[in-house]
Amino acid sequence: MERIYLFLAGCCAFFLLIGTAYAGMDMPEGLKKDFPQYPDSQLIQVMSMGNAEVVMVNCGSSSLDAVYGYYLTKAKDSGWTVQLESKQQDVMLLGAEKDSRKLMINVAVEDGNTVVALSLATE
């Protein structure tokens with residue numbers, strides 16, 4: 001009997017996580033103000049887990065440099081302190097901090113599309 005309860009609890013946790021990832025495909029409030037969605041892009045995934053939010057955005061055929069520049073400008077204009085910048089051929093990373101929040105933005109080319117992962121954690 002205990003195994004059944006453990007199985008059911010595991011299933012509930014799984015579906016809650018999946019539901020959180022796919023429900024309400026809107027930019028989370030913690031990101032929306034400072035980092036509006038890239039123009040003409042599509043949200044792929046939105047996840048909230050405790051004090052962390054992760055958003056995946058498909059920017060289509062927009063160039064890596066244009067998308068990275070957009071988010072770098074948004075960070076600076078919104079008062080974020082850039083802590084890390086890394087640029088490679090197909091991947092660019094931006095790490096920034098503001099108040100008690102830490103942000104990591106990963107811009108990469110995948111299958112011909114420029115894809116962004118925004119990860120926000122609040123301490």
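The exercises below work through the strand sheet, a helix packed on it and the nonpolar core of a predicted model.

Residues are numbered from 1 along each chain as its sequence is written. In this predicted model, local features need pLDDT of at least 70 and side-chain atom pairs count only at pLDDT 80 or more, while totals for chains, interfaces and linings use all residues, and side-chain values use heavy atoms, with hydrogens and water left out.

**Exercise 1.** Determine the strand order of the sheet and explain why E1 and E3 each have one side without a neighbour.

Solution. Strands are DSSP runs (E, at least two residues; helices are H or I, at least four), numbered from the N terminus, and two of them pair if DSSP finds at least two bridges between them. Six strands give an open, antiparallel sheet in the order E1-E2-E6-E5-E4-E3. Strand E1 (42-49) and strand E3 (81-87) stand at its edges with a single partner strand each, so one side of each lacks a neighbour in the sheet. As for the partner of E3, six bridges join E3 to the antiparallel strand E4 (residues 91-98), and Val-82 has Ala-96 in E4 as its bridge partner.

**Exercise 2.** Identify the strands that helix H3 lies across.

Solution. Helix H3 (residues 64-77) lies across E3, E4, strand E5 (101-110) and strand E6 (113-122), and runs at about 5 degrees to E4; angles run from 0 to 180 degrees between N-to-C directions, with axes fitted to C-alpha atoms, for helices over the stretch in contact, where contact means heavy atoms within 4.5 Å.

**Exercise 3.** List what Leu-31 touches, not counting residues up to four places away in sequence.

Solution. With that exclusion, Leu-31 touches Pro-36, Glu-53, Val-55, Leu-103, Leu-118 and Leu-120.
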